[in-house]
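Welcome, and thanks for opening the viewer. Could you take me on a short walk through this structure, telling me what to select at each stop and what is there?

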Amino acid sequence: MAPSSSSSFAPIVCVVGFHHAKGPEIEGWFGVEDGTDPAADNDWSFLPFMALSDGAHASTEDFSYFTLRWRATKVSPHTSIFGISCTRQIDANQLHNRPADVTRSTVQKAVVAIADSPQFFGQLREKLSMVTGAWFAQKDFTDVDILKKFQESLSRTLQDTEDDQYLGLSLRELIHEYKYQTLVLFKCCLLQPKMLFFGSRCERLCMVQFALISLIPGLLRRLEDCADPEFDSYEKNLVMPTSLKTSDRNSLLSYMGLPLQLFGKGGMFGPYTPLQQLDILADHGTKSYIVGSTNSLLLQQKDRYSDILINLDEVTISITSSSLRTALALSAADRRWIDFLSTTVHDTWDETYPSRPKTMGYMGSEELIRLQFEEYLLALLSTTKYHLYLQSHPPLHSIEGDPTTDFNPDFLSHWQQTSSFTLFNSHTDSHLFDIVEPRHPTAGNLSFEDIQRRFAMQIQTLHLDERLAMSKEALNKHLATGHKKVSTAFSNLWADIEAMREAQRKRAEAAHAVALKDGKEGTGTDTNGTSSSPAPDPNAKPRVDLTAAQASVQAAGQKAGAYISSWGAWASERRKGWAEGRPNTRSEDVVAGAGAGAGAGEKSPGKLARWNSSASGKMKEEKGGWDWEIGCLDR
């Protein structure tokens, strides 16, 4: 049976400020007896550096989580306590009472709350944020009445309960971001290596670590030894359970050996660990730990301070130990199990509210994920017990083969060498497989469905579906643009062809008209009475001369206008003579007068009638154009 953690510790509050010359320092305590200093009594020399994390000045508000050692007293043993700090900063010019030692442009302070269990930190964080914001809004740090009332309220509101109050990053976010590697990190915690988390955001750095250890049922309530590798009170007080009440979940978990103690003798847990604690990490007595840092200097020495490095900024996991890498390889059953959770979370993901499924149902919820990990862990414990049973007994008929192959035999071999397994094996019944079936939740060899599921997960990991959708959209856009451009080009080409055809037709008509005109006017006789023009070639193409054609048309129009005018004058003269009763005026005189203006070729007035009939009959259409032939004028 797991020992009960002490609940006699009253929460306390302190203020940590950044001095321009001294660095971080504690400025005052609330909730302690007058004249006492818990930092001096418990050797909390690193508390100011834990409260003001590296890089906290880069954000408006940041939170830091850390562990502290509480020394043994006459009434209580040594134990681990937990601190949470809220850091803010303000422009020094805005302070109503600016102290003389404030020389920088900004003032940075942190309000720290210290309790005996991290279970309360979920509700404590929200209260601490509001109190710190209100204290800074006063713009007078000498007024600390709000901090005193805050500390007094903690003793009344932070009441211990048997129900688990989980802390940490949402498990949905953890699986959505790390997918199958979430199971790698979970199994890595069981192997108790040196795990180093790095991230530029301190609160997220701490929340990921709390989320991982909360996957082991009951562990958040049993962290009394995590602050110092020398603490081992959990093991000393642990009693093997002798009874089981199957209807009671806590009784079942206790009988199965939970929680597994990851931070016993030689182990340490520091959600945020400043550089000042590196000596503890490098100490020979420190065998394993889970710690976090926001200082990038540790990245340059990861081989010295870690077996596995989790970089939250780059979402990468680097395993420096080859043996650890082999042990953490996932089996086909492991991948099938975690891929189911990853797919469920992905299908119910909501960007607006990541911590709850968009269907608001059970599938993909935090409860489902926790119960799945609990089932996985119970199956692992039962399978391990059955594996040990097979070493000295024949296999049971009801159980087929050795189920440890579905959990990776290398992993089980490494786990059996840890202090956590030793404590578990010595304080649990050897026939746990009679309580929980020793079988992987998704046991079986690699199948075609596993390959399909893994392929789908790879598509999700690489965001190929989003990239292909974007590519398809871009391709459709380019195709539409290209279709429009090709259609426009064809339309313009067809219009140009039609324009060229029309121009060619007009040029052909003009050329034909000129050819006919030149043929009639250019045909004459020489002095011997023979024609001087050569015989026309029927196959010869007409010569195109637009200037000559225009001149011929203009001359013909002038001649036609002159003769029409002369005929009109003669007709008018005849009407006058008829009206006055005098003899007819000689038409020859009228025509002669008109002919003098038209040219020397029209000498006889008797030719007028012949001209009228000839002019009206010589107009004809040739290939879409009109050609006027005034042949009588040339006689």
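**Stop 1: two residues in loops**

Begin by selecting leucine 169, which is buried, with a relative accessible area of 12%. Before you go on, keep in mind that this is a predicted model. Leucine 169 belongs to the loop between helix H4 (145-157) and helix H5 (171-178). Now add glutamine 209 to your selection: from C-alpha to C-alpha, leucine 169 and glutamine 209 are 8.3 Å apart in space, while in sequence they are 40 residues apart.

Next, pick aspartate 225, found in the loop between helix H7 (202-213) and helix H8 (233-237). Is aspartate 225 buried or exposed? Its relative accessibility is 1%, so aspartate 225 counts as buried. Select serine 80 as well, and you will find its C-alpha atom 5.8 Å from that of aspartate 225, although the two residues are 145 residues apart along the chain.

**Stop 2: a strand and its partners**

Select residues 12-19, which make up strand S1. Why is strand S1 described as largely enclosed by the rest of the structure? Because 7 of its 8 residues are buried.

Now bring in strand S2 (residues 23-30), which runs antiparallel to S1 and is joined to it by 7 bridges. Between S1 and S2 there are 3 residues, and the two strands form a hairpin. To see one of the bridges, show cysteine 14 together with tryptophan 29, its bridge partner in S2.

S1 also pairs with strand S5 (residues 106-115): here 6 bridges join the strands, again in an antiparallel arrangement. Click on valine 15 and look for valine 111, which stands opposite it in S5. While the side chains are on display, it helps to know that in a regular strand they alternate between the two faces of the sheet.

**Stop 3: opposite charges**

Side chains of opposite charge can pair when their charged atoms come close. There are 17 salt bridges in this structure, and a few of them make good places to pause.

Start with lysine 187 and aspartate 334, whose closest N and O atoms are 2.9 Å apart. Lysine 187 is in helix H6 and aspartate 334 in helix H13, so this pair ties together parts that are 147 residues apart in sequence. Both partners are buried: lysine 187 has a relative accessible area of 1%, and aspartate 334 has 0%.

Move on to arginine 222 and glutamate 224, whose side chains form a salt bridge of 3.9 Å, N to O. Arginine 222 and glutamate 224 are buried too.

Then select arginine 249 and glutamate 374, a salt bridge with its closest N and O atoms 2.6 Å apart. Arginine 249 sits in helix H9 (residues 249-255) and glutamate 374 in helix H14, so parts that are 125 residues apart in sequence are tied together here. How do the two compare in their surroundings? Arginine 249 counts as partly exposed, at 35% relative accessibility, whereas glutamate 374 is buried, with a relative accessible area of 11%. Finish this stop with Asp43, Arg69 and Asp228, which are joined into one network by salt bridges that share partners.

**Stop 4: aromatic rings**

Turn to the rings, which form 20 aromatic pairs in the structure. Select phenylalanine 186 and phenylalanine 373: this pair is edge-to-face, with 5.2 Å from centre to centre and 70 degrees between the planes. Phenylalanine 186 lies in helix H6 (residues 181-190) and phenylalanine 373 in helix H14 (residues 366-390), so far along the chain from each other that 187 residues separate them. Both rings belong to buried residues.

For a group of rings, show Tyr65, Phe121, Phe210, Phe263 and Phe269, which form one aromatic cluster.

Two more rings have a charge over them. The charged end of arginine 335 sits over the ring of tyrosine 180, 4.4 Å from the ring centre. Over the ring of phenylalanine 424 sits the charged end of lysine 385, at 5.3 Å from the centre.

**Stop 5: out to the surface**

Lastly, select Phe340, Tyr362, Met363 and Leu371, a nonpolar patch on the surface that has about 380 Å² of accessible area together. One of its members, methionine 363, is in the loop between helix H13 (332-347) and H14. Methionine 363 is partly exposed, with a relative accessible area of 40%.

Key
Residues numbered from 1 in each chain as written. Predicted model: local features only at pLDDT ≥ 70, side-chain atom pairs only at ≥ 80, totals over all residues. Heavy atoms only, no water. Phe/Tyr/Trp six-rings, centres within 6.5 Å; stacked < 30°, edge-to-face > 60°. Helix = DSSP H or I, 4+ residues; strand = E, 2+ residues; numbered from the N terminus. Buried < 20%, exposed > 50% of the residue type's maximum accessible area, 1.4 Å probe, protein only. Lys NZ or Arg CZ within 6 Å of the ring centre and 35° of its normal. Patch = residues over 30% accessible without salt bridge, like charges linked within 9 Å, V, L, I, M, F, W, Y side chains within 5 Å. Areas by Shrake-Rupley, 256 points an atom, 1.4 Å probe, with all protein chains shown as cover. Salt bridge = Lys/Arg side-chain N within 4 Å of Asp/Glu carboxyl O. Pairing = 2+ DSSP bridges.
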